[in-house]
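Got your viewer open? Let's take a walk through this one, a stop at a time.

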Amino acid sequence: ADPSEPLKEDYSNGYFISLSSHDKHLHVRMNQVDGEFTGYTFEVDGKEGYAQLKDDLNNTLYIDSRNTFVGFENADETLCVARKQDLFMFAHRNIELTAEDTILMKCESLIQQCVNYSCTATGSYSVDTPNAVFSTKITSPKAELGGIEHTEHSHMEKGDGKPVGKPIEG
């Protein structure tokens, strides 16, 4: 900031700090007046139970203590919000979870909606369920069920030797 220049009414040419125990707020504003990468605004409203840190690029961190709401959103609209007992995440591209050991999901219902689904296991893959329902055909060039290896095949009638059905085509 130029110390010889008077502070503008909107404080856009300097830094600003406002603290009021009467209004129960703290406001800090850092502008891009001396080569700073971006400006920042930090506000705390103790009376309403709210705090926010925001930059001039539209990246925001916020907490609403009264409504049990914590979150962040970046300028690309990627966000993570914890609201009461719910957690919401959104990304225009990818969400990746990585762990050295285990990622465990425990819930009453797990619903996945997608265009394509892929699972790659370099070790083993197992499903343990009392009931499985598939709404489409399942194809496999080779499968093992109950310790018996199965390949594509047809069954022949005992009586006339004609095929009962033809192999499922992939």
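Before we select anything, one term: two residues are in contact when they have heavy atoms within 4.5 Å of each other. Also keep in mind that this is a predicted model.

**The whole chain**

Start with a cartoon view of everything. How many helices and strands are there in the protein chain? You'll find 0 helices and 10 strands, so to speak a run of β after β: the pattern along the sequence reads β-β-β-β-β-β-β-β-β-β. Now switch on a surface. Of the 170 residues in the protein chain, 12% count as buried. As for contacts with a separation of 6 or more, residues 24 or more positions apart account for 6% of them.

**First stop: S18**

Select S18, which sits in strand β1, residues 16-20. Is S18 buried or exposed? S18 has a relative accessible area of 19%, and because the cut-off for buried is under 20%, S18 counts as buried. Next, show the residues around S18. Leaving out residues up to four places away in sequence, S18 touches H25, L26 and H27. Zoom in on H25 in that group: its side chain makes a polar contact with the side chain of S18, at 3.2 Å.

**Second stop: the salt bridge**

Now select R29 and D56 and show their side chains. The two side chains meet in a salt bridge, 2.9 Å from N to O. The pair links distant parts of the chain: R29 belongs to strand β2 (residues 25-30), D56 to the loop between β4 (50-55) and β5 (60-64), and they are 27 residues apart. A search of the whole structure finds 1 salt bridge, and you're looking at R29 with D56. How accessible are the partners? R29 is buried, with a relative accessible area of 14%, whereas D56 is partly exposed at 38%.

**Third stop: T38**

Keep D56 on screen and add T38, found in the loop between β2 and β3 (40-45). T38 is buried, at 4% relative accessibility. What lies 3.3 Å from a polar atom of the T38 side chain? That's the backbone nitrogen of D56, so display backbone atoms here too. If you widen the selection, T38 touches Q32, D55, D56 and L57, not counting residues up to four places away in sequence.

**Fourth stop: Y40**

Move on to Y40, in strand β3. Y40 is partly exposed, with a relative accessible area of 35%. Which residues does Y40 contact, leaving aside its neighbours within four places in sequence? The answer is V28, R29, M30, L53, K54 and D55. R29 is familiar from the salt bridge, and D55 from the contacts of T38. Try a distance label as well: from C-alpha to C-alpha, Y40 and L57 are 9.1 Å apart in space, and they are 17 residues apart in sequence.

**Last stop: the largest pocket**

Rolling a probe the size of a water molecule over the atoms shows where empty space is left. Here, the largest pocket has a volume of about 660 Å³. To find its centre, select L97, I103, M105, L110 and Q112, which lie nearest to it among the 20 residues of the lining. Then colour the lining by residue type: 11 are nonpolar, 5 polar and 4 charged.

Key: Residues numbered from 1 in each chain as written. Predicted model: local features only at pLDDT ≥ 70, side-chain atom pairs only at ≥ 80, totals over all residues. Heavy atoms only, no water. Helix = DSSP H or I, 4+ residues; strand = E, 2+ residues; numbered from the N terminus. Buried < 20%, exposed > 50% of the residue type's maximum accessible area, 1.4 Å probe, protein only. Polar contact = N/O pair within 3.5 Å; in protein donor to acceptor, adjacent residues only side chain to side chain. 1 Å grid on protein atoms, 1.4 Å probe; cavity = no way out; pocket = protein on both sides within 12 Å on 5 of 7 lines; lining within 4 Å. Points joined across faces, edges and corners; volume = space filled by probe spheres on them. Nonpolar A, V, L, I, M, F, W, Y, C, P; charged D, E, K, R; others polar. Salt bridge = Lys/Arg side-chain N within 4 Å of Asp/Glu carboxyl O.
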